[in-house]
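The following exercises concern one protein chain. Please examine the sequence and the structure before reading each worked solution.

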Amino acid sequence: VLDVRKPLDLNFQVHAGLEYAVSGMFYLRAGYKYGHDVDGVTAGAGVEYNLLRFDYAIGLMGELGMHHHLSVLFHF
């Protein structure tokens, strides 16, 4: 996936990422964002079971360290 945008008050911002599905149940992700105050690498993993999907992601934010994202999705 590649996303390029140009906000009116900022320079270009680029998000690039890959996702790999293992047997349609496990997911691995990697990405990079450029053009933000803090550019950096992101990575994540997910698992989908029946109607639920659990996702975890981590990103590097330079001097600010790492940030973590956890989400639970319910499909109906």
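**Exercise 1: Two loop residues**

Serine 23 is exposed, with a relative accessible area of 65%; here buried means under 20% relative accessible area, exposed over 50%, and partly exposed in between, with a 1.4 Å probe and protein chains only. The model is a predicted one, in which local features need pLDDT of at least 70, side-chain atom pairs count only at pLDDT 80 or more, and totals for chains, interfaces and linings use all residues. Residues are numbered from 1 along each chain as its sequence is written, and side-chain values use heavy atoms, with hydrogens and water left out.

Task. Determine where serine 23 lies and what its phi is; then treat asparagine 50 in the same manner.

Solution.
1. Serine 23 is placed in the loop between β2 and β3. Strands (E, at least two residues) and helices (H or I, at least four) are DSSP runs, numbered from the N terminus.
2. The phi of serine 23 is near 55 degrees, which is a positive value in a residue other than glycine.
3. Asparagine 50 belongs to the loop between β4 and β5, and its phi is near 50 degrees, again a positive value in a residue other than glycine.
4. With 62% relative accessibility, asparagine 50 counts as exposed.

**Exercise 2: Strand order and pairing**

Task. State which elements the chain contains, and describe how β3 pairs with β2 and with β4.

Solution.
1. The protein chain has 6 strands and 0 helices, and from the N terminus on the order reads β-β-β-β-β-β.
2. Strands β2 and β3 run antiparallel and are joined by 9 bridges; two strands pair if DSSP finds at least two bridges between them. Valine 14 has tyrosine 34 in β3 as its bridge partner.
3. The hairpin of β2 and β3 has 3 residues between the strands, and serine 23 takes its positive phi there.
4. Strand β4 (residues 40-49) pairs with β3 in the antiparallel sense over 8 bridges. The bridge partner of glycine 31 in β4 is threonine 42.
5. The hairpin of β3 and β4 has 5 residues between the strands, and glycine 35 in the turn has a positive phi of about 100 degrees.

**Exercise 3: A network of charged side chains**

Task. Trace the salt bridges made by glutamate 19 and identify which residues are joined into one network.

Solution.
1. A salt bridge is a side-chain nitrogen of Lys or Arg within 4 Å of a carboxyl oxygen of Asp or Glu. By this rule the count is 5.
2. Arginine 29 and glutamate 19 form a salt bridge with an N to O distance of 2.7 Å. Arginine 29 is in strand β3 (residues 26-34) and glutamate 19 in strand β2 (residues 13-22), 10 residues apart. Arginine 29 is partly exposed, at 24% relative accessibility.
3. Glutamate 19 also meets arginine 53 in a salt bridge, at 3.6 Å from N to O. Arginine 53 lies in strand β5 (residues 52-60) and glutamate 19 in β2, so this pair ties together parts that are 34 residues apart in sequence.
4. Arginine 53 is buried, its relative accessible area being 16%. Its salt bridge with glutamate 48 has the closest N and O atoms 3.7 Å apart.
5. Shared partners join Glu19, Arg29, Glu48, Arg53 and Asp55 into one network of salt bridges.

**Exercise 4: The C-terminal strand and an aromatic pair**

Task. Locate methionine 66 and classify the ring pair of phenylalanine 74 and phenylalanine 76.

Solution.
1. Methionine 66 is in strand β6 (residues 66-74). Leaving out residues up to four places away in sequence, methionine 66 touches Ile58, Gly59 and Leu60, where contact means heavy atoms within 4.5 Å.
2. The structure holds 1 aromatic pair. Rings of Phe, Tyr and Trp (its six-membered ring) pair if their centres lie within 6.5 Å; planes under 30 degrees apart count as stacked, over 60 as edge-to-face and the rest as tilted.
3. The ring centres of phenylalanine 74 and phenylalanine 76 are 6.0 Å apart and the planes stand at 25 degrees, so the pair is stacked.
4. Phenylalanine 76 is exposed, with 90% relative accessible area.
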